[in-house]
Amino acid sequence: MHSLEIKNCDFIDTAQYHVSALNVKGEVSSVATIVVKRFQEGKEAGPLDPKPHGFCAEHGVTFETTIIDKFEVAFGREGETLSLGCTVIVYPTVKKYQPEVVWYRNSVPLKPSKWVHTHWSGERATVTLVHLNKEDEGMYTLRVNTKSGFDTYSAYVFVRDADVEVEGVPVAPLDVRCHDANKDYVVVTWKQPAVEGSSSILGYYIDRCEVGTHHWAQCNDSPVKYARFPVTGLVEGRSYIFRVRALNKEGVSRPSRVSEAVVAMDPSDRALTLYISYMGVVPGEPCDVVVTEATKSYVVLAWKPPVQRGHEGVMYYIEKCISGTDIWQRVNTGMPVKSPRFALFDLAEGKSYSFRVRCCNSAGVGEASVSTGEITVGDKLELPSAPGNPVATRNTDTSVVVIWGASQVKHLVGYYIEYTVVGTDKWMPCNNKPVKQTRFVCHGLTTGTNCVFRVKAVNAAGYSQSSPDSDAVVVQAAISVPGKPTGVSLVEAVKDYMVLFWTAPASTGGADIRGYFVDYRTVKGDVVGKWHEMNHKALTTTSYKAENLKENVFYQFQVRAMNMAGVSKASLASAALECKEWTITVAGAPVGLHVLEVRDTSVVVLWEPPAFNGRTPVNGYYLDVKKASAGEEGWKAAHEKANKMKYMKVTGLKAGTSYVFRVRAQNLAGVGKPSAVLGPILAQTHPGTKEIYVDVDDDGVISMIFECSEMKEGSEFVWSKNYQTITDTSRLTIITEQGKSRAIFNSPSLEDLGIFSCVVTNTDGISSSYTLTEEGESLQQELTKMWFSPVIPFKSEMAMDLLEKGRVRFWTQVEKCTSACQVEYIFNDKYTMNFDKSTGIIEMFMDSLEITDEGTFTFNLVDGKAKGTTSLVLIGDGKADFTSMLMLCPHFVEYLDFTVTPECNVLLKCKVIKVTVNILSVAITAFLSESGFSVYLILSVNSPMSIDLYAPHFSIRDAKIAASERVKSGVTGEQLWLKINEPTEKDKGKYTMDIFDGKDGVKRVFDLTGKDRARVVGGLPDVVAIQEGKSLNLTGNVWGEPVPEVSWTKNDRELVSDERYKLKFEHGKFASITIAAVTTTDSGKYALLVKNKYGTEAGEFTVSVYNPEEEENKEEKKG
């Protein structure tokens, strides 16, 4: 089903509308005429309809109300607390006058309660919903009443179910209410929940609790299917609250929110109605006995009391008679009822009964009333019929409008709407409180998903069958007319024509702008003429040459945009412009300013050249930027020298701040007037933004990839180079699949270097760029070589393992390779090899190493266009030959064997080389790590075996050191290390390291008693290159005990802390130097000197201060 919805009808919507359906077999059409009439004056407005503001005679002003900072569609969960609020501005301000602020839910005023708290601060109105329940779901409206009228704002609040305790049970019922309260019973009603669980609801349990107690008693032994139940057995005069639980095969739901308290008392007693009494008179017979409710579970009777009652009032006996008999049975034999209504239970379903009532008092029992006639026990209220076919239409990026046909049912409670994502079988509720209208906006959907909707009706008898499924609809913003163009300005003027320019609307309405229409009118003093169309055919550009104008006459212009949904409202009229030939020499204002690639700290601004160049061509542009909140004095140049490009990336922005931009053109005569201001633009990265990335596949094919998850109908990927749309397909092949676009280099070369960008049309400016250019020829060559000559990445470089019997294993591992990958082994032929392409492990085994094997071992890999090489060098050290070095490695010289001794004993024996362990050095270092100031003890070990095999450990003061978060030890290669984070006085002492192989051991001791020579342990660079005018700040990390003395030198001369050089030494660890606004005279050789009684050390570095303009002049002279 297709539909056309016209919101906020106007007179211009009066027309004949024509719709056609066309396929290969023919065409069918239909015509409808719509006439929009003036709104009927004098008709009373609804409670929330906006009214025009009028003059307030009491205060002598007309109040104007503006609502800002509005709350949006909100989502909460049962049990949570949710606050909604708006800021209200009432102008003008009148002392001691405050507007009236009222909150509504579904057009019903909210009253403060323990669930609802409202607050008005004088500026901001808030409502807080405490402990959310599904009853709180609905349309919330803020209404601000003044003595000139009122304004309103509305948004929907959705309340999701709390998580169930048992999987598959129903969620809680809602909206429990009490009706027809009297001395003997109360009728409790509720609404069925939206989610029945994994199986249908079998019935409901009703619980009651006397106010002032915490004891809940179940009112019904077996579950009732009807969502309405009379609760009996109440004590007259006492107050009760009720709750309801739902039951299915999996179990019982959580209880609903409790009802309002109700008193078990007749309304007549509460109203203190007085009756004329007759002493000693038997009461008359009741009249008008009727059945008000009849279900298969119970029947409710009601009647009118007799006029003749007696002095103490009357009570009643109810009698029943089974159809086909003449026997009347008294139902309430034990106790007469006091109320003129009664609920009968334990009746046989399907049988027919007649009922009558007798009155009684102390004088006796009166005559029976007239019988009700035969009543068949069974549900009078039928289940609702299935709603009509739902139609789902796009609304916003996260919502869909669903419309359906009404269900044919009595006493409708409302509708529940469900949805499922195409490809899944899980249906989820859109609303948790039934709605009565046949149109609903389903919010909270995921952008881009393909959804199907269905509707079911509900009344007290239960749920209807679900409606047929709607057609699938993609969740994305509906197409609407575009916004208004802005910034209509004059860019060139001659005596009989003017060239106009404007900025495209910020909102395209979800579809491409198809064109523009320009209107004009004459202006003479304060008198303006009528608007006339200038062009009858839509313009495709944002500029227009308005011809056939009269010289020296003033004109105003306005522009309207058009897309497939219609024509926008007109832009603001331009200033009065005189048709007079320009004689200025400088260039006109640039036009067409727009932005791409909006991020937290940067944005790319683009523009078009001015239509009027002046007397000489434009040779550059200047881009200005300022914060949107700043005044005119806040404008700053984004760059110093003229930019010859028509785009520029502005960096250094502050995330979350709005900025505005403008551009000025320059020619030989000077700099022209600035363009129209662009913005405000919020510096904020759009959630889910992705960047272009470069991919090299297994065949060496290079491509750039851009992905977008917010594609809309008609959205396209548009690739550009240096921000000019790519039209030459000889260099790139573009492939687009769903939300991904790939730009493949056909024949990569240096011609492809540049800035590549991609924009997704019909989105909120989703774009990205990738730069394939770098400053400097060597960097270009390196980048080109890296991409155009791909390399196979290695996970592990070549290594060697010594195995039994002197065998040797050379191995490496690559990160990724294809089945076509080949390996070339470059050494002698005494080997066997293995290449497991699934794991990337390459192995080569040799039976033994000999002196002739000394040299370099290499693996060469080729995988398509990609190549890789890894090598291992085995060379003697000059002190021992290669064979002797290998003999130091642990292996068996003689394998395990046995002999029988003359004493008949069996002797097992083998022979291994002697393994020795050498401690080469002990070093202590101190530096700032990410976790804080740390001390390292590092010991270098020379061993042919893994150090872990010797069970190394550290101890302090003869006590073994246990590992903790602060103190850690370990083995890295041939080094044992002990790390102490944030050392304290308790960590001072003698540290011992033990290595033991089961027979021999090695021990080393190091004294950390605080006698450490002064050292510079990090933080200072070797060279600092800094631009003139910038500030320099360097910090060196210092170590030593006692704490060293610190000084700074420049060109071997000691520096003194003053206004130019700020020298600091903090916490005995950090020495810093700060030079504000460096100049070229600050260039030189600097040093940080540290000294204590155990030694001196210097941390040296070089500072080079440069001037960018001087550097460019030098390059130009060289050129």
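**Note on two strand regions**

1. Four strands make up an open sheet whose order is 53-54-58-57, and the pairing within this sheet is antiparallel. The model is a predicted one, and the remarks below should be read with that in mind.

2. The edges of this sheet are taken by strand 53, covering 693–696, and by strand 57, covering 732–737, each of which pairs on one side only. Averaged over the sheet, and with direction ignored, neighbouring strands are turned by 25 degrees against each other.

3. For the edge strand 57, the partner is strand 58 (residues 740–745), and the two pair in the antiparallel sense over six bridges. Within this pairing, Ile 735 has Arg 742 of strand 58 as its bridge partner.

4. A separate point concerns strand 21, which spans residues 299–304 and is mostly covered, with five of its six residues buried. Strand 21 pairs with strand 20 (residues 287–294) in the antiparallel sense over five bridges, and a hairpin of four residues leads from strand 20 to strand 21. In this pairing, Ala 294 stands opposite Val 299 of strand 21.

5. Strand 21 also runs antiparallel to strand 24 (residues 341–344), to which four bridges join it. Here Val 299 has Leu 344 of strand 24 as its bridge partner, so that Val 299 is matched with Ala 294 in one pairing and with Leu 344 in the other.

6. When side chains are inspected along these strands, it may help to recall that in a regular strand they alternate between the two faces of the sheet.

Conventions. Residues are numbered from 1 along each chain as its sequence is written. This is a predicted model: local features need pLDDT of at least 70, side-chain atom pairs count only at pLDDT 80 or more; totals for chains, interfaces and linings use all residues. Side-chain values use heavy atoms; hydrogens and water are left out. Two strands pair if DSSP finds at least two bridges between them. Axes are lines fitted to C-alpha atoms, for helices over the stretch in contact, and angles run from 0 to 180 degrees between N-to-C directions. Buried means under 20% relative accessible area, exposed over 50%, partly exposed in between (1.4 Å probe, protein chains only).
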